[in-house]
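User: Please take one part of this structure and look at it closely, starting with the space inside the protein. Then connect that part to what surrounds it, in plain terms for someone new to the structure.

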Amino acid sequence: MKIIEILRLTEQGYSQREIAKSVKCGKFTVGEIQKRCRNCKLQYDAAAIMTNDEIRMLLYPDSFGRSIKRDPDWPSIHARLQANKRLNLQYLWEEYRAKNTQGLSYSRFCKRYLDWKNETGKNVIMVQYREPGKELFVDWMGDTLDCIVDSSTGETLTAHFFVATLGDSSYPYVEAFPDEKLDKWLQAHVNALRYLGGVPRVIVPDNCKTATTKPNYYDPAINHSYWDFAQHYELAILPARVREPQDKAPVESSVGWLETWLLEWLRGKHFFSFTALNNEIQYRVKELIKRPFQKRKGSRQSVFEELDKPALRPLPYTQYEYADYIVRRTPANYHVEYDAFNYSVPHGLYKQLVTIRATTTTIEILNDNRERVALHQRRYTGSRYVTNLGHMPPHHRHQHNANSFDGTKYRLWAGSIGEQTYAAIDHLLSSQIVEEQAYRSCMGILQCSKKYGNERLEAACAKAITMKSCTYSTITTILKNGQDKVSSSKADKPTPLHENLRGSEAYV
């Protein structure tokens with residue numbers, strides 16, 4: 001361009017000094033170019049339609065007369081670099097020089113490769129338009145800090161940092177956790193949405209295990225708990241491609257920015273809880289987001305309030321509660337285990353696979369059709385077995401009802417039948433050294449009311465009391481033989497006196 005401009009200004013009659021000042025080069029350089037153009041009879045009109053190489057070849061033929069070393073197979077080299085991330089230009093250049101001892105030097109090899117990439121468009125970057133409030137990019141920071149001191153043991157704990165960034169404003173949310181497990185991942189999402197005050201339409205995570213169970217760009221398998229979270233907030237989960245950081249460039253750039261301005265600021269400080277650390281993080285981030293952008297107007301905070309925040313959807317009425325999903329096969333005792341406790345399912349699901357959905361308060365059990373078949377309150381202490389009687393087969397339920405009674409319940413049952421029955425049962429229970437020894441007899445006696453009725457059982461118990469034999473065999477015999485129907489006055493009537501009777505004196 002300078003040569004063409006020198007020709008144009010020369011033909012317009014400007015001096016060498018004026019031309020040199022205009023094109024920003026030395027006066028002697030202007031004179032040299034004018035001389036070469038006169039020797040070649042090159043004028044402005046012709047030069048204006050020539051390529052740079054054509055002009056150089058015409059004015060500087062000596063430089064084009066030298067032998068030029070052939071380029072390597074750049075497409076093949078580029079393909080190998082893309083296919084194997086462990087390879088680099090240094091390694092490929094050494095391979096190239098082993099076969100071409102007189103080939104390009106390493107510096108020329110790298111320059112020509114970059115020139116080839118620029119010419120073919122493989123080194124250009126596509127501008128990504130981020131719709132306000134649409135995408136939230138999430139990731140864990142690569143760096144961690146050993147900054148939490150356990151006050152009880154003195155042990156130093158490691159802090160892992162979760163980062164969420166809105167696409168247009170790059171407005172960040174940062175929170176520290178003791179690890180990067182699924183429950184912390186989901187809790188961080190919930191806290192981030194509450195901090196932002198709204199819900200985006202899309203969340204873009206890495207292909208990490210807490211997000212996907214099968215990384216795939218076209219059909220990723222979303223973690224069940226993560227999918228449950230997405231359903232609650234009515235948003236989409238679109239994982240980035242594996243080893244393609246440009247898919248989530250906002251959070252990648254924010255991570256680098258925060259590692260410099262946040263983590264370096266925290267480095268060397270110590271905290272006695274994660275709450276204290278997170279309070280310090282929020283204080284620092286609120287300062288950082290007010291800093292103006294270097295290449296655009298405003299700051300992260302101003303752009304967020306102007307563009308992103310109004311575009312966010314409102315938060316749901318209820319906050320998402322983390323749920324753990326585990327698949328179990330129903331054993332013979334129709335109780336599936338979760339966290340050392342066993343919860344019942346309908347006995348008909350024996351040997352079938354069921355899914356346990358566990359929250360901090362409930363245990364929900366789903367069948368293959370994702371239909372709820374059981375719901376229990378989650379237990380942390382007490383008996384290891386939590387049973388719904390409706391899940392039992394009939395004979396198990398009957399046995400359970402018999403085993404679940406104690407003396408108080410037997411007395412209440414007997415009292416509902418009548419006073420004589422209560423007296424008989426109370427005597428039977430009180431007469432045992434260990435009350436439990438009478439439970440089966442009590443059950444048997446009280447069950448007779450179903451066969452003979454309450455009135456007959458009352459009469460049988462009254463007769464057994466007069467006989468001072470309140471046992472199961474006595475009462476059931478009275479009922480079988482109908483002795484309860486005989487009038488007590490008739491049965492107790494004294495024998496009349498007559499001559500055949502001998503008195504007590506006959507036995508003296």
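Analyst: The largest cavity holds about 30 Å³ of space. The model is predicted, and a search of the whole structure finds one cavity of 30 Å³ or more. The residues that line the largest cavity are Pro172, Tyr173, Val174, Tyr195, Ile281, Gln282 and Val285. Two elements each supply at least two residues of this lining: strand β4 (172-177) and helix α13 (274-288).

One lining residue can be followed from the helix side. Glutamine 282 belongs to helix α13. Its relative accessible area is 32%, and glutamine 282 is therefore partly exposed, since the range for that class runs from 20% to 50%. Glutamine 282 and glutamate 175 have C-alpha atoms 8.3 Å apart in space, although 107 residues separate the two in sequence.

Just before the strand there is a backbone detail. Serine 170 sits in the loop between β3 (156-166) and β4. Its phi is positive, about 60°, although serine 170 is not a glycine. With a relative accessibility of 15%, under the 20% limit, serine 170 counts as buried. Aspartate 339 can be set beside it: its phi is also positive, about 55°, and aspartate 339 is not a glycine. Aspartate 339 is in the loop between β10 (335-338) and β11 (341-344). At 44% relative accessibility, aspartate 339 counts as partly exposed.

From there the view moves to a short strand, β5 (residues 202-204), which contains isoleucine 203. Isoleucine 203 has a relative accessible area of 0% and is buried. Leaving aside residues up to four places away in sequence, isoleucine 203 touches Leu136, Val138, His189, Tyr226, Phe229, Leu235, Ala236, Ile237 and Leu238. Leucine 166 is 37 residues from isoleucine 203 along the chain, and their C-alpha atoms are separated by 9.4 Å.

Two of the residues that isoleucine 203 touches, Tyr226 and Phe229, bring in the aromatic rings. The model contains 18 aromatic pairs. In one of them, tryptophan 74 and tyrosine 113 are 5.8 Å apart, centre to centre, with 50° between their planes, a tilted arrangement. Tryptophan 74 is in helix α7 (residues 74-83) and tyrosine 113 is in helix α9 (residues 106-120), so the pair ties together parts that are 39 residues apart in sequence. Tryptophan 74 counts as buried because its relative accessibility is 4%, and tyrosine 113 counts as buried because its value is 3%. Another tilted pair joins phenylalanine 229 and tyrosine 233, at 5.0 Å centre to centre and 55° between the planes. Both residues lie in helix α11 (residues 224-233), four residues apart, about one turn of the helix. An α-helix has 3.6 residues a turn, so residues three or four places apart point the same way. Phenylalanine 229 and tyrosine 233 are both buried. They also belong to a cluster, linked by ring pairs, that takes in Trp140, Phe162, Phe177, Trp185, Tyr226, Phe229, Tyr233 and Tyr320.

Charged side chains meet rings as well. Lysine 269 lies over the face of tryptophan 265, at 3.5 Å from the ring centre. Arginine 291 is placed over the face of tryptophan 261, with 4.4 Å to the ring centre.

Later in the chain, helix α20 (residues 472-481) has Thr474, Ile475, Thr476, Ile478 and Leu479 as its buried residues. Their cover includes three helices, α17 (419-430), α18 (439-452) and α19 (454-466). Glycine 482 follows α20 and has a positive phi, near 75°.

Last, the chain as a whole. The protein chain has 21 helices and 15 strands. It has 508 residues, of which 38% count as buried. Considering contacts between residues at least 6 apart in sequence, 57% join residues at least 24 apart. The protein chain exposes about 31,400 Å², with 51% of that area supplied by carbon and sulfur atoms.

Terms used
Residues are numbered from 1 along each chain as its sequence is written. This is a predicted model: local features need pLDDT of at least 70, side-chain atom pairs count only at pLDDT 80 or more; totals for chains, interfaces and linings use all residues. Side-chain values use heavy atoms; hydrogens and water are left out. Rings of Phe, Tyr and Trp (its six-membered ring) pair if their centres lie within 6.5 Å; planes under 30 degrees apart count as stacked, over 60 as edge-to-face and the rest as tilted. Buried means under 20% relative accessible area, exposed over 50%, partly exposed in between (1.4 Å probe, protein chains only). A charge sits over a ring if NZ of Lys or CZ of Arg is within 6 Å of the ring centre and within 35 degrees of the ring normal. Contact means heavy atoms within 4.5 Å. Accessible areas come from the Shrake-Rupley method with a 1.4 Å probe; for residues, only the protein chains shown count as cover. On a 1 Å grid over the protein atoms alone, a cavity is a set of points where a 1.4 Å probe fits but cannot get out, and a pocket is an open set with protein on both sides within 12 Å along at least five of seven lines; lining residues have an atom within 4 Å of a point. Grid points are joined across faces, edges and corners, and a volume is the space filled by probe spheres set on the points.
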